[in-house]
Amino acid sequence: MHFSRLRLTGFKSFVDPTDLVIAEGLTGIVGPNGCGKSNLLEAMRWVMGENRPSTMRGAGMEDVIFAGAASRPARHFAEVTLHIDNSRRLAPAGFNDSDTLEVVRRITRDAGSAYKVNAREVRARDVQMLFADASTGAHSPALVSQGQISELIRARPKARRRLLEEAAGISGLYQRRHEAELK
Ligand code: ATP
Ligand code: MG
């Protein structure tokens, strides 16, 4: 799946609506310290369903909402939209009725997160599954954070296997089996 566009508003330092077109091939993000490079990658993880504040370098999930600056008040909500080129219809069943998938996550203070795919409200789990099946996802090995390489080298076999399963795109199957066993 090709991510073709990322839009943010009120997300961390991106207080004003920001629209980024992602070209095919390799993309590099460059800029001075503190300009928001890591925030962009976190926005991608977040819209794919990341729910651990620590991954977002925060204490609580609402810490992703623009917290205010000297001249600007804090925001009440943050929203990130990810456009996915689905012209090859590689998305899982149920998501394959259009050429573009538009995944939106919005968090409102005191009201939590809401997700939409192509304007249809969905659950967090649906979005997580969508990306798990496509072997992208918030925990995907396609997003390599600082320190992760040495972590992989030092990892115990079980943890290393989990990473390989994510890369192979089969972790969604395990999640479903686990849920089926609980029923
Ligand atoms: P480096 O090159 O040092 O890694 P970077 O380009 O990755 O820097 P980020 O870490 O993405 O920069 O951005 C940090 C900036 O985002 C800081 O100025 C921080 O104050 C701001 N920031 C983070 N969360 C929020 C928030 N909730 N509200 C407002 N600003 C925020
Ligand atoms: Mg950074």
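**Exercise 1. Place Lys37 in this predicted model: which element holds Lys37, and is Lys37 buried or exposed, or partly exposed?**

Solution.
1. Lys37 belongs to helix 1.
2. Count the C-beta atoms around Lys37: 14 others lie within 10 Å.
3. A residue is exposed at 12 or fewer and buried at 20 or more, so Lys37, with 14, is partly exposed.
4. Apart from neighbours within four places in sequence, Lys37 has contacts with Ile29 and Gly31.

**Exercise 2. Find where Asn33 sits and state why Asn33 is classed as exposed.**

Solution.
1. Asn33 lies in the loop that runs between strand 2 (18–21) and helix 1 (37–47).
2. Within 10 Å of Asn33 there are 5 other C-beta atoms.
3. The limit for an exposed residue is 12 or fewer, so Asn33 is exposed.

**Exercise 3. Relate the annotated binding site to the surroundings of ligand 1.**

Solution.
1. The unreviewed UniProt entry carries a "binding site" annotation over Pro32, Asn33, Gly34, Cys35, Gly36, Lys37, Ser38 and Asn39.
2. In the model, ligand 1 is surrounded by 14 residues, and the closest are Ser13, Lys37, Ser38, Asn39 and Ala67.
3. Comparing the two lists, Lys37, Ser38 and Asn39 appear in both.
4. By character, the shell around ligand 1 consists of 4 nonpolar, 7 polar and 3 charged residues.

**Exercise 4. Describe the largest nonpolar core: how many residues has it, and which elements supply at least two of them?**

Solution.
1. The largest nonpolar core contains 30 residues.
2. Phe11, Ala43, Val47, Val64, Val80 and Leu82 have the most contacts inside it.
3. At least two core residues come from each of strand 1 (2–9), helix 1, strand 3 (77–85), strand 4 (100–108) and helix 2 (124–133).
4. Take Val64 as an example: beyond its neighbours within four places in sequence, Val64 is in contact with Phe11, Lys12, Trp46, Met56, Gly58, Ala78 and Ile107.
5. As background, nonpolar side chains tend to be buried together in soluble globular proteins.

**Exercise 5. Summarise the protein chain: what is the order of its elements, and what is its radius of gyration?**

Solution.
1. The protein chain has 5 helices and 6 strands.
2. Read from the N terminus, the order is β-β-α-β-β-β-β-α-α-α-α.
3. The radius of gyration is 17 Å, close to the 16 Å from the globule rule for 183 residues, so the protein chain is as compact as a globular protein of that length.
4. Along the principal axes, the C-alpha atoms fill a box of roughly 50 × 40 × 40 Å.
5. Of the 183 residues, 28% are buried.
6. Among contacts between residues at least 6 apart in sequence, 53% join residues at least 24 apart.

Technical notes: Residues numbered from 1 in each chain as written. Chains lettered and ligands numbered in written order. Predicted model: local features only at pLDDT ≥ 70, side-chain atom pairs only at ≥ 80, totals over all residues. UniProt positions renumbered as here; feature names shortened; annotations may be inferred. Helix = DSSP H or I, 4+ residues; strand = E, 2+ residues; numbered from the N terminus. Contact = placed C-beta atoms within 7 Å. Core = buried A, V, L, I, M, F, W, Y, C linked by C-beta atoms within 7 Å. Near = placed C-beta within 6 Å. Nonpolar A, V, L, I, M, F, W, Y, C, P; charged D, E, K, R; others polar. Rg over C-alpha atoms; globule rule 2.2 N^0.38 Å.
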